[in-house]
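Reader: I should like to learn how to read the features of a structural model in an orderly way. Could we take the strands as our starting point?

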Amino acid sequence: MKKFFGMAHGQQASLYVLENDTLSMAVTDYGATLVSLVDKKTGIDVVQGYESAEEYVAQDVYTGATIGRTANRIEKGEFSLNGTIYHLPINNNGNCNHGGISGFNDKMYSAREYGDRVEFNRISLDGEEGYPGNLWLTVTYKLLKNGVEVQADAHCDKDTLFSFTNHSYFNLDQSENVLDHEVRLMSHRFALSDANGLALPVFKEVADTPFDFRSFKKLGRDIGQDDEQLRFGKGYDHYFAVDGEGMRLMAQCQGKQLCLFVYSDLPGFHLYTGNWLRGLSGKHGMRYPAYSAVCFEASYMPNAINYPDIEPKPILRKDTSVSCRIKWILQAK
C-alpha cells in the first residue's frame, strides 16, 4: 500500500506499507528509510521514526535511513584513490560522517513495490559530496515472515568508495531507554576511537573491558564505567569486527518480550547506544532522548580507506557491481 507521506525538499514523499501475518513494515522513498517495523502479536514498533517526511528532513540523526556513499567517518574528509586526493564535506568534529552534508539519507529515490518487497533506486552523480563516478544504487527492503532483509546493489563508472549501512534505531520494548536490553555480540575485538569519534586502526580484545558482550549483558551494566573510550562517546559508539565471511549472525538483542537477531555479509558493525539523541518527538507520542535506542550498523571498518593495514577496503571498481545485505529477525522471547 502506498500513501502520501509529506514533502521533502519540494518533492512529494510516499510511504509504502507491507504486511504479513506476523509483521507490518513501512518504508519511505525519502532516504530509502525504514519508518516502522511492528510485531503484530505484541503491537510493538521496534524502530524509532517519525510521522511525516518533513520530520525526517528536520532531524539530523539519520533515523532508519540508507547511509552512503560511505558509512561513518572519513578522517578530515580526505581520501586517496588511484593517486588522486578527494575532498569530502566536513560535518562532524573535523571529519566527514555518513556520506557528507547531504548523503544518501537526504535524497529522494524512485520506488517500485513487488508484493513482499519495495525497491528504491537513484543515481549518485559524479562529484556528489566529492565522491568520484556516477553510481547506480538499488536498495531493496524485503519483508520476511519473521523479519526484514535489506539489500544494497551498486555499480559505478569510475573507481569509487561504497560502504553501505542502514541506520535504524531499535527499541524492542518501545520504552524510554534501552539500558535494560540484553545484548550479545559475535565479536571478540573492537576498534578504539579518538575523542572525535573517529575509529582508529587499533583493535583491542574485549575480554576484561566494558566492551565484552560475548555473553548476554545489559547495555547499561557497564556504560557508566570510568573508561576513556566510553567517556569519549558518552557510551558505546564503536566498531566491532566479526570473523568470517558471508551472511552470518553479528548480534542479538533482547527486550522484555522480543528478541532481535542481526545478520550481515559485511565485515563488522558499529554499536551505537543513541548517546547523542536529544529528545526529539517521534511516532506514537514517543520522545527520543539519549539511550532510547540502540543501533547495529553493519558496515566496513570506518575510515578503512585511509588505513594501509586495514582490509577489506570499501573500494568499488569501475564497471563492476557489488551487493551487500543486512537482515533483522524478530522472535518472541
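Author: Let us begin with a single pair of facing residues: valine 262 stands opposite tryptophan 328 in β29. Please keep in mind throughout that this is a predicted model.

Reader: Which residue is the bridge partner of serine 264 in β29?

Author: The general idea is that strands of a sheet pair through backbone hydrogen bonds, either parallel or antiparallel. In this model, isoleucine 326 of β29 is the bridge partner of serine 264. The strands concerned are β23, residues 258–264, and β29, which pair in the antiparallel sense over seven bridges.

Reader: Over how many bridges do β14 and β29 pair, and in which sense?

Author: Strand β14, residues 147–156, pairs with β29, residues 321–332, over nine bridges in the antiparallel sense. One position to look up is histidine 155, which stands opposite serine 321 in β29.

Reader: What is the order of the strands in the open sheet?

Author: Nine strands make up this open sheet, with antiparallel pairing, and they run in the order β11-β12-β13-β14-β29-β23-β22-β17-β20. Its edge strands are β11 (110–114) and β20 (217–218), each of which pairs on one side only.

Reader: I turn now to the interior. Which residues have the most contacts inside the largest nonpolar core?

Author: As background, nonpolar side chains in soluble globular proteins tend to be buried together. Here the largest nonpolar core has 60 residues, and Phe162 and Phe296 have the most contacts inside it. Apart from that core lies another, of 20 residues, which includes Ala8, Tyr169, Tyr272 and Met286.

Reader: Which residues does phenylalanine 296 touch, not counting residues up to four places away in sequence?

Author: With those sequence neighbours left out, phenylalanine 296 touches Phe170, Val183, Leu185, Ala251, Cys253, Leu260, Val262, Phe269, His270 and Leu271. Val262, one of these contacts, is the residue that stands opposite tryptophan 328 in β29.

Reader: How should I read the pockets? Which residues lie nearest the centre of the largest pocket?

Author: One may take volume, then lining, then the classes of residue. The largest pocket holds about 720 Å³ of space. Its lining has 39 residues, and Asp60, Val61, Tyr62, Asn92 and Asn97 lie nearest the centre. By class, that lining divides into 20 polar, 12 nonpolar and seven charged residues.

Reader: Which element gives the most to the lining of the largest pocket?

Author: The answer is α2, with three residues. At least two residues of this lining come from each of α1 (53–58), α2 (228–233), β21 (237–241) and β24 (268–272).

Reader: What is the volume of the second largest pocket, and which residues are closest to its centre?

Author: The second largest pocket has a volume of about 260 Å³. It is lined by 17 residues, of which Ala241, Val242, Pro267, Glu311 and Pro312 are closest to its centre. Its lining comprises nine nonpolar, six charged and two polar residues.

Reader: Where in the backbone does one find cis peptide bonds, and what is omega from glutamate 311 to proline 312?

Author: The angle to inspect is omega. The peptide bond from glutamate 311 to proline 312 is cis, with omega near -5°, and proline 312 is in the loop between β27 (295–299) and β28 (315–316). A cis peptide bond also joins glycine 68 and arginine 69, with omega about 0°. Arginine 69 lies in the loop between β6 (66–67) and β7 (73–74).

Reader: Is asparagine 93 buried or exposed, and what is its phi?

Author: Asparagine 93 is exposed because its relative accessible area, 52%, is over the 50% limit. Its phi is near 50°, a positive value in a residue other than glycine, and it lies in the loop between β9 (84–87) and β10 (96–97). Tyrosine 291, likewise not a glycine, has a positive phi of about 70°. Its loop is that between β26 (287–289) and β27, and at 23% relative accessibility tyrosine 291 counts as partly exposed.

Reader: Is serine 163 buried or exposed?

Author: Serine 163 has a relative accessible area of 3% and is therefore buried, the cut-off being under 20%. It is placed in the loop between β15 (160–161) and β16 (165–166). Beyond residues up to four places away in sequence, serine 163 touches Ile67, Arg69, Thr70, Ala71, Ser299, Tyr300 and Pro314. Among these contacts is Arg69, which a cis peptide bond joins to glycine 68.

How values were computed. Residues are numbered from 1 along each chain as its sequence is written. This is a predicted model: local features need pLDDT of at least 70, side-chain atom pairs count only at pLDDT 80 or more; totals for chains, interfaces and linings use all residues. Side-chain values use heavy atoms; hydrogens and water are left out. Two strands pair if DSSP finds at least two bridges between them. Helices (H or I, at least four residues) and strands (E, at least two) are DSSP runs, numbered from the N terminus. A nonpolar core is a set of buried Ala, Val, Leu, Ile, Met, Phe, Trp, Tyr and Cys residues joined through side-chain atoms within 4.5 Å. Buried means under 20% relative accessible area, exposed over 50%, partly exposed in between (1.4 Å probe, protein chains only). Contact means heavy atoms within 4.5 Å. On a 1 Å grid over the protein atoms alone, a cavity is a set of points where a 1.4 Å probe fits but cannot get out, and a pocket is an open set with protein on both sides within 12 Å along at least five of seven lines; lining residues have an atom within 4 Å of a point. Grid points are joined across faces, edges and corners, and a volume is the space filled by probe spheres set on the points. Ala, Val, Leu, Ile, Met, Phe, Trp, Tyr, Cys and Pro count as nonpolar, Asp, Glu, Lys and Arg as charged, and the others, Gly among them, as polar.
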